Amino acid sequence: MARLAIVTRPGQAGERLAEELLRRGGDALWWPAFMIGPAPDEFRARSVLARVAEHDLVIFVSPAAVHAAAPLLQDWPTATAIGAVGHATALAIAELIPVPTGTPIVAPSAGSGAGSEAFWDAWQRSGSTANRVLILRAQAGREWLARRFADAGGRHGQVTIAPSAAAPA
């Protein structure tokens, strides 16, 4: 009896994984645990993103965060560094955010992992510092990363830019 893999990861990444499993002859069903939607308060998100220059570092936590933020952004300030928690997020930034030449971008290298810990390691290795950090995230998450910056003496804010909604019916 063949085993069924139920892929619960949301978005294109989950859909691609299910398709790849099927392509390799497996039995897979894409059933996302939740759906990613637009910012719950577009006015607030747009207002915060209009002030990215007030931050030393803005961290995108996923490709979904990049996709949600891109249409709300104005010009990106060269002095505000960009953080990406993984290689896929960095690729989405390169594709969707018009980043001026010279803007620092910090992300884990391809194949070195992804997530808060991988980003923090890349940030530490970069030798950079940031006192004002903005984390663009879903309604919850990345508290570990926010604590690292707070422990290092920085202030951080978090804005819900790509919220997760309830599980699809």
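Where in the chain is Trp31 found? In this predicted model, Trp31 lies in the loop that runs between strand S2 (27-30) and helix H2 (42-49). Together with Leu4, Ile6 and Leu29, Trp31 makes a nonpolar surface patch of about 400 Å².

Aromatic side chains also take part in ring pairs, of which the structure holds two. In one of them, Phe60 and Trp76 adopt a tilted arrangement, with 6.0 Å from centre to centre and 35° between the planes. This pair links distant parts of the chain, since Phe60 belongs to strand S3 (residues 57-60), whereas Trp76, 16 residues apart from Phe60, is placed in the loop between helix H3 (63-69) and strand S4 (81-84). Phe60 counts as buried because its relative accessibility is 0%, and Trp76, at 5% relative accessibility, likewise counts as buried, the cut-off for this class being under 20% relative accessible area.

The rings of Phe119 and Trp123 have their centres 6.2 Å apart and their planes at 25°, and the pair is therefore stacked, as planes under 30 degrees apart are assigned to that class. Phe119 and Trp123 are both part of helix H5 (residues 116-126), and because they are four residues apart in this helix, about one helical turn separates them. Phe119 is buried, its relative accessible area being 0%, and Trp123 is buried as well, with a relative accessible area of 3%.

Definitions and conventions
Residues numbered from 1 in each chain as written. Predicted model: local features only at pLDDT ≥ 70, side-chain atom pairs only at ≥ 80, totals over all residues. Heavy atoms only, no water. Phe/Tyr/Trp six-rings, centres within 6.5 Å; stacked < 30°, edge-to-face > 60°. Helix = DSSP H or I, 4+ residues; strand = E, 2+ residues; numbered from the N terminus. Buried < 20%, exposed > 50% of the residue type's maximum accessible area, 1.4 Å probe, protein only. Patch = residues over 30% accessible without salt bridge, like charges linked within 9 Å, V, L, I, M, F, W, Y side chains within 5 Å. Areas by Shrake-Rupley, 256 points an atom, 1.4 Å probe, with all protein chains shown as cover. Salt bridge = Lys/Arg side-chain N within 4 Å of Asp/Glu carboxyl O.
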